[in-house]
Amino acid sequence: MKSENIVKFAILVVTVALSWVALVAGTEDSGSELTAGAIADQTYRSTREDTVLNQASFEGAQNDAAEAIPPVLRRDTETEEAIITRIGDLFRQVTSGVIEEQLVPVPSADVDPQLGTTTTSTTEATTTSSTDGTDTTAPTSTTEPIPAELVRIVGFVYLDTDADGIFTEPDGSPLGDRPFEGLTWVAVSEADGTVVRSNTDSAGAFSFEVPPGLWEVGLDPTDSGIPDNVTITTAAPVQVIECAAGQECEAQAIGIGPRFRTMEQQTQSLVSAYPTLQPDTAGTLVRIATNDVKRRLLGIQSVLPQLLEETLGSIGIQFGQRINNPDELATVQAEIYQSPPLVFVDGVIDEPARQAVADLVASFLVVNTETDEQLTSEARQAARAEVDPALFEERFSVGQVIVEEGDPLTQFAIDAISQVGPGNALPVRAPSAALMLMVLIGILAYYLSRFRSQFWHAPRMVALLGLLIVLGAASVRLASEFEEQTSWFILPAVAFGYLAAVLFDNRMGTIMALALGVLAAIGTRDTGVTVYALLATLAPIGFVSRVSSRRAFRNSVVTSAFASGLIGGTVAWMFFPAQSTLDTFADAWTNVGIPMAWAFGTGLVASLVALSIMPFFESAFDITTTLRLLELTDRNHEALQILQEKAFGTFNHSLMVGTLADAAARAIGANNLLARAAAYYHDLGKTENPMYFIENQFGSVNPHDELPPEQSAQIIRSHVIDGIALAEKHKIPSEVSEGILAHHGDAIMRFFYEKARQQYGDENVDVNDYRHAGHKPKSREMAIVMMADSVEGACRAVFGDEEPTPEGIEKVVNRIVDEKVSDGQLGACDLTLGELTQVKGAFIEALVGHYHQRIPYPNFPGS
């Protein structure tokens, strides 16, 4: 870390430490603060009229209002979807549990499916094909005569809906046994394998007319019309029939139907999977599901999907009406059992089915709402906000007892002491004050390093800012100590704005105002005092930032005091409620007039004090303020008196250079007072050897004619070194004495350098011996002084013999400025080309005015 950075860091640390001491020293630490339940060590009285909020009661009322708001509920859609899914699973299980998992395949005749061709049977006749391709026709009516050489085999197939293996004549029930139409039957000859096929008719009958012999009769295995999940329910699914020629033989009736699981098995499985389901409900569902199988075989619409739809509909209605708690759930379940929904089965109201649906709905219903935390919180916050704090405020008058000595302290009493009690009732918290000061100083340091580098890179300016902050902290502490006897408006905030704006600039004055506002907040924790400190510090900035005369400084003192008084009265009226009553003149004077008078008086005294101590800061920190520049440009300054006495020609030259520099600086918005002052003192060193400089010889012999060039160069160089020594002697600030070092830059003394080259040769001459003892100008003001010095000297030399016309003056000015640019003398400053053009214009205008033509008077000497 560079030594400069170490110094600046040390300054910042010291600033924090001293400010903390100024604000906290002598106050009680945070461990001695008033706490609820402790005993009051003194009687506390109100020092101002104001209302105090009973925070505990107010917060209690807010909590009660919030607790009175019931939770905001929303539908629990996830739970609803899960219930609906479970109901669907139950119905699927009921449906899938009716048929045995592994059915016995429908037995069929042992026929090779590739034998012969399929015979299509119609109502007229059935055509059969033998293995050798011979077609035979079997009549479908058993009343027709049988050919002598053939036999007739007839049979009957029925749909055995109850799977009991016995055909029951239809009795009007929609689910009774029915003849099965459209199935293909085959008869296979055991003698030669002849295959004959016949389809059942609308009465379920089939017949074959075949040659005599043994025939195996059964279902055609290639028939796709056999329903799924059915099997042969009769005892002889494949029959072997032997019939003599000319006879009709009848096969045993064949039943086809589903293979049901027993009702007990189905009910037990369902209750095991859904324990909350009543056995009667499970039995009803099994019954309906079993009958639905029959309905599907008979082409009748199933009933179980209707029950599912009714159950889901009822569930949806109840969920839509919201069930918010277990009590509501119990009520809804009871209502459902009392008024079950209507359910029709085969066109008739089925009471067991109604009860089953009611039981399903009641069993699966749950509470379907949950608390919406966000909406509940918002509703309760709104209820809190509706509580009127005015109902919990107590008004205190001046002198009213807040708490008696020896009484326990309540939180309300502590709040009242903080707001209307004595100013030192709540001491500054030492740790938090230290932290706040570190934050403040850190932010100020960051601001300087980023945006005000000219101050940040000068440790003395950092130290000055730190000193002002420490003094500000001390002034806040003093104001708080004497506030009860006087007023908060004895805070000398105006002085700090005055000092910061003059010693730094107006932007730093604004930064100082912010800093003092923070210090006031730390030291008083009072909004009114903080606002006053901020605004009163800002007040003088606009009045002193651009002053250029002593009269203007004096006027700024009075103006700043008036502004401070106005700010004080306004702050007192707004932030101190006791001062808000202006009904009478007496009230207005007491409540606003007195604070305004305190602020005005303090502002006036503070401004005068700031003005009086300004020279100390200027000298101690080597600062060139406007006031100091005004003193330096006063021709009665002792250094200028010496210059006038010892080097009158140089004195006049310096005045003219000052005039040119002032005009040029004004033209580009630079500091014209600084440029004029630097011009006045730039040749101060010539007072040591005045006769060695042409402007002081007044026609006498030039001593340089008798000196070797190196000695002449040394004498010319010395006027810079001598000038710096004299500037230090006469306490001329470095910002002004910079003109001494920069007015020649590091240019070569061309006359003596060329003379040395002629006398000694190039190889024997060191060009650095003939350079001026200075450096290139680093600011616009010093660059202007350099050009003004050269322009004035050149014009004096040129126009001693020539007529000073505007064109001639412009030519000289352009030549001199161009030489400085080409020599690189202006490379270290921030002058722009546009500003350089303005500078040249200002030089020309001033010189034309100086060399104005005069009217020749008759008989006047020289005319």
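A cavity here is a set of grid points where a 1.4 Å probe fits but cannot get out, and its lining residues have an atom within 4 Å of such a point. Keep in mind that this is a predicted model.

**Exercise 1. Find the largest cavity and work out what lines it.**

Start with the count: one cavity reaches 30 Å³ or more. Next, its size: the largest cavity has a volume of about 70 Å³. Now for the walls. Leu-12 and Thr-15 line the largest cavity, along with Ile-441, Leu-444, Ala-445, Leu-448, Val-462, Leu-465, Gly-466 and Ile-469. Which elements give two or more residues to that lining? They're α1 (3–24), α11 (430–451) and α13 (459–481).

**Exercise 2. Sort the lining of the largest cavity by residue class.**

Gly counts as polar here, so Gly-466 goes in the polar group. Thr is polar too by this scheme, so Thr-15 joins that group. The tally for the lining is then eight nonpolar, two polar and no charged residues.

**Exercise 3. Look at the aromatic pair of Phe-617 and Phe-621: how are the rings arranged, and are the residues buried or exposed?**

First, the wider picture: the model has 17 aromatic pairs. In the pair made by Phe-617 and Phe-621, the rings sit 6.3 Å centre to centre, with 20 degrees between the planes. Planes under 30 degrees apart count as stacked, and that's the label this pair gets.

Now for burial, where the cut-off is under 20% relative accessible area. Phe-617 comes in at 3%, so Phe-617 is buried. Phe-621 has 13% relative accessibility and therefore counts as buried.

**Exercise 4. Which residues do ring pairs link into a cluster with Tyr-158?**

Follow the ring pairs: they join Tyr-158 with Phe-156 and Phe-167.

Conventions:
Residues numbered from 1 in each chain as written. Predicted model: local features only at pLDDT ≥ 70, side-chain atom pairs only at ≥ 80, totals over all residues. Heavy atoms only, no water. 1 Å grid on protein atoms, 1.4 Å probe; cavity = no way out; pocket = protein on both sides within 12 Å on 5 of 7 lines; lining within 4 Å. Points joined across faces, edges and corners; volume = space filled by probe spheres on them. Helix = DSSP H or I, 4+ residues; strand = E, 2+ residues; numbered from the N terminus. Phe/Tyr/Trp six-rings, centres within 6.5 Å; stacked < 30°, edge-to-face > 60°. Buried < 20%, exposed > 50% of the residue type's maximum accessible area, 1.4 Å probe, protein only.
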